[in-house]
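Welcome, and thanks for taking a look at this one with me. Below are some notes to read beside the sequence and the structure.

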Amino acid sequence: MHLREFQQRIEVIYGPRDRQRGKDGTFRWLVEEVGELARAMRDGDRQAAHVEISDVLAWTVSVASLCGVDVEQAASRYARVCPKCHHTPCGCAPEPRSNRRARRRQTATSSRRLGRGEPPA
Ligand SMILES: [Zn+2]
């Protein structure tokens, strides 16, 4: 199943409820599912991790739809190379955990500046 097809299926199944719940409420559900995935991983429960990964994917797609993001287009940012260093495998220097948030902010800013990561007009 292609990502666009998956997004369309999630829209058919959950779109009306997602819109009624709204972005904030739907995002909170996504975060809760991420927490459940963390629990499954911590417990080493592979079957639960399988279920939680599918839930995280579905809720991520719901949030994307509410934000007007085409997930297939969004995923294409990672289709060929690391979007930051433009290499495969990624050649970015490993960073300490505490710098991750700053790096993401910086990457988002430089991506905007370079016109990457933005959907075509
Ligand atoms: Zn990289």
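How many helices and how many strands are there in the protein chain?

1. Let us begin with the overall picture. This is a predicted model, and its protein chain holds four helices and zero strands. Read from the N terminus, the order of elements is α-α-α-α. Buried residues account for 8% of the 121 residues in the chain. If you take the contacts between residues at least 6 apart in sequence, 57% of them join residues at least 24 apart.

2. A word on confidence before the details. The mean pLDDT of the protein chain is 88, and 81% of its residues reach 70 or more. Please be careful with residues 111-121, where pLDDT stays under 50. For that stretch the model has nine contacts beyond four places in sequence. Where pLDDT is low, predicted coordinates should not be read in detail. Helix α4 is assigned to residues 100-114, and the low-confidence stretch starts at residue 111.

3. Now follow helix α1, which covers residues 3-43. What separates the end C-alpha atoms of this helix, given its 41 residues? They are only 29 Å apart, short of the 60 Å that a straight helix would reach at 1.5 Å a residue. Look at glycine 22 as you trace the helix: α1 bends there by about 110°.

4. Stay with glycine 22 for a moment. Is this residue of α1 buried or exposed? Glycine 22 is exposed, because 11 other C-beta atoms lie within 10 Å, and a residue with 12 or fewer counts as exposed. Cysteine 67 is 45 residues away from glycine 22 in sequence, yet their C-alpha atoms are 10.0 Å apart in space.

5. Helix α2 makes a helpful contrast to α1. It spans residues 46-66, and its 21 residues reach 30 Å from the first C-alpha to the last. That is close to the 30 Å expected at 1.5 Å a residue.

6. Which residues are buried in these two helices? In α1 they are Gln7, Ile10, Asp18, Thr26 and Glu33, and in α2 they are Glu52, Trp59, Val61, Ser62 and Ser65. The buried residues of α1 pack against α2 and α3. Those of α2, in turn, pack against α1 and against α3, which covers residues 71-75.

7. Valine 61, in helix α2, is a good place to see this packing. Valine 61 counts as buried because it has 22 C-beta neighbours inside 10 Å, and 20 or more is the cut-off. Leaving aside neighbours within four places in sequence, valine 61 is in contact with Phe6, Gln7, Ile10 and Val71. Gln7 and Ile10 are among the buried residues of α1. The C-alpha atoms of valine 61 and leucine 3 are separated by 9.0 Å, although the two residues are 58 apart along the chain.

8. Next, have a look at what comes after the helices. Glycine 44 follows α1 and has a positive phi, near 65°. Just after α2, glycine 68 takes a positive phi of about 75°.

9. Finally, please visit the loop between α3 and α4, where histidine 86 has its place. Most residues other than glycine have a negative phi, and most peptide bonds are trans. Histidine 86 has a positive phi, near 65°. This histidine counts as exposed, because it has 11 C-beta neighbours inside 10 Å. Proline 89 lies in that loop between α3 and α4 too. What kind of peptide bond joins threonine 88 and proline 89? The bond is cis, with omega about -5°.

Terms used:
Residues are numbered from 1 along each chain as its sequence is written. This is a predicted model: local features need pLDDT of at least 70, side-chain atom pairs count only at pLDDT 80 or more; totals for chains, interfaces and linings use all residues. Two residues are in contact if their C-beta atoms, placed from the backbone, lie within 7 Å. pLDDT is the predictor's confidence in each residue, from 0 to 100. The expected span of a helix is 1.5 Å times one less than its number of residues. The bend at a residue is the angle between axes fitted to the seven residues ending there and the seven starting there.
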